[in-house]
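Biologist: I should like to go through this model with you and ask for the grounds behind each label. Please show the structure before we begin.

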Amino acid sequence: MSDVTVVGLGPMGSKMAETFLAAGHRVAVWNRTASRAEPLVAKGARRAATAADGELLVVSQIHYQAMYDSLGDARLDGKVVVNLSSGTPEELRAAARWVEGRGGTLVTAGIMVPPPGIGQPGAYTFYSGPKEVLDRHAATLAALSEVTYVGADRGLAMVYYQAQLLMFWSSLTSFMHALALMRTAGVSPEEFLPFARETFQQLGGDGPMGYAKIIADEVAAGVYPGADNSLHMQAVGMGHVVETLEEAGVETTVPKAVRALFDRADAEGRGDEGISTVIESIGKP
């Protein structure tokens with residue numbers, strides 16, 4: 001078993017500390033509001049004197065500025081800081097330079113489950129930074145989730161993380177729009193749920209509706225065939241979706257943005273191609 005200091009004891013950090021303790025690790029905890037450490041100390045954690053108290057610092061805070069504020073002027077010689085906070089890729093690269101300037105090494109990370117999923121089967125975390133450093137601590141970090149290394153560039157963990165969140169939030173927002181529309185027709189969420197589940201499952205599958213793979217393959221090849229299902233047809237259809245929502249009195253900000261994107265790609269002369277061609281418009285705002 002190893003020593004680990006958890007910095008930041010909100011819902012995520014507290015669950016991480018509990019999970020490390022359950023795995024038998026020696027855990028120190030630190031939070032800017034010191035009282036938050038008390039429940040964990042009662043479970044066997046040690047109260048860290050400072051945020052830099054320890055050789056392996058696992059940081060879970062709302063943003064990277066919180067790490068700067070917490071560590072302050074402390075020297076980090078020989079320490080490894082694993083930061084699971086959210087930010088932008090460039091923020092993470094700058095943070096790596098900041099940590100290195102104090103003698104430490106930053107490993108960046110993005111955990112892909114909410115607090116109840118930490119330590120559970122199916123949990124995984126994107127990590128980026130020096131692989132040899134991550135490898136030294138992978139057995140400890142594996143208590144939280146599967147360790148998924150994505151590359152040396154410190155920004156990569158956040159690129160993967162934000163890309164996944166974009167899909168997550170966009171999909172769930174579309175689902176809520178669908179539920180709101182169905183409600184206007186007197187259809188309950190329970191009645192509609194089986195059809196929504198089927199759509200989500202098929203999109204990630206390998207059949208004719210397996211558009212995650214279809215789009216990935218077409219984007220990789222740079223070819224967007226549209227003979228069977230042209231973008232122009234999708235743009236017209238998305239216009240009908242917006243009109244239906246408006247007719248039902250449902251909010252339309254996000255659907256209108258999708259319609260505008262489809263219309264733009266169509267206006268750019270790619271209406272005869274498939275829906276995958278929209279990536280060319282996305283990549284050139």
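Modeller: F168, W169, L172, M176 and F200 make a nonpolar surface patch of about 530 Å². Please bear in mind that this is a predicted model.

Biologist: Which element gives the largest share of the nonpolar patch?

Modeller: Helix α6 (residues 156-184) does, with four residues. L172 is found in this helix.

Biologist: What makes L172 a candidate for such a patch?

Modeller: A patch residue needs over 30% relative accessible area. L172 has 33%, and it is called partly exposed because exposed requires over 50% and buried under 20%.

Biologist: Why is the contact between D3 and R26 called a salt bridge?

Modeller: The cut-off is 4 Å between a side-chain nitrogen of Lys or Arg and a carboxyl oxygen of Asp or Glu. The D3 and R26 side chains meet at 2.8 Å, N to O, so the pair satisfies the definition. D3 lies in strand β1 and R26 in strand β2, so the salt bridge ties together parts that are 23 residues apart in sequence.

Biologist: How do you know whether R154 and E100 are buried or exposed?

Modeller: Buried means under 20% relative accessible area. R154, at 13%, therefore counts as buried, whereas E100, at 41%, counts as partly exposed. These two residues also form a salt bridge, with the closest N and O atoms 2.9 Å apart. The pair links the loop between β8 and α6, where R154 lies, to helix α4, which holds E100, across 54 residues.

Biologist: What separates D135 and K131 in helix α5?

Modeller: They are four residues apart in helix α5 (residues 131-141), which means about one helical turn. Their closest N and O atoms are 3.1 Å apart, and this lies within the 4 Å limit, so D135 and K131 form a salt bridge.

Biologist: What makes β1 and β4 paired strands?

Modeller: Pairing requires at least two bridges. Strand β1 (residues 3-7) and strand β4 (residues 56-59) have three, in the parallel sense, so they qualify. T5, for instance, has L57 in β4 as its bridge partner.

Biologist: Why are β3 and β8 said to stand at the edges?

Modeller: Eight strands form an open sheet in the order β3-β2-β1-β4-β5-β6-β7-β8, with mixed pairing. β3 (46-47) and β8 (146-151) each have a single partner strand, so one side of each is left without a neighbour in the sheet.

Biologist: What makes β6 mostly covered?

Modeller: Six of its seven residues are buried. β6 pairs with β5 in the parallel sense over four bridges.

Conventions. Residues are numbered from 1 along each chain as its sequence is written. This is a predicted model: local features need pLDDT of at least 70, side-chain atom pairs count only at pLDDT 80 or more; totals for chains, interfaces and linings use all residues. Side-chain values use heavy atoms; hydrogens and water are left out. Helices (H or I, at least four residues) and strands (E, at least two) are DSSP runs, numbered from the N terminus. Patches are made of residues with over 30% relative accessible area and no salt bridge: like charges are joined within 9 Å, nonpolar side chains (Val, Leu, Ile, Met, Phe, Trp, Tyr) within 5 Å. Accessible areas come from the Shrake-Rupley method with a 1.4 Å probe; for residues, only the protein chains shown count as cover. Buried means under 20% relative accessible area, exposed over 50%, partly exposed in between (1.4 Å probe, protein chains only).
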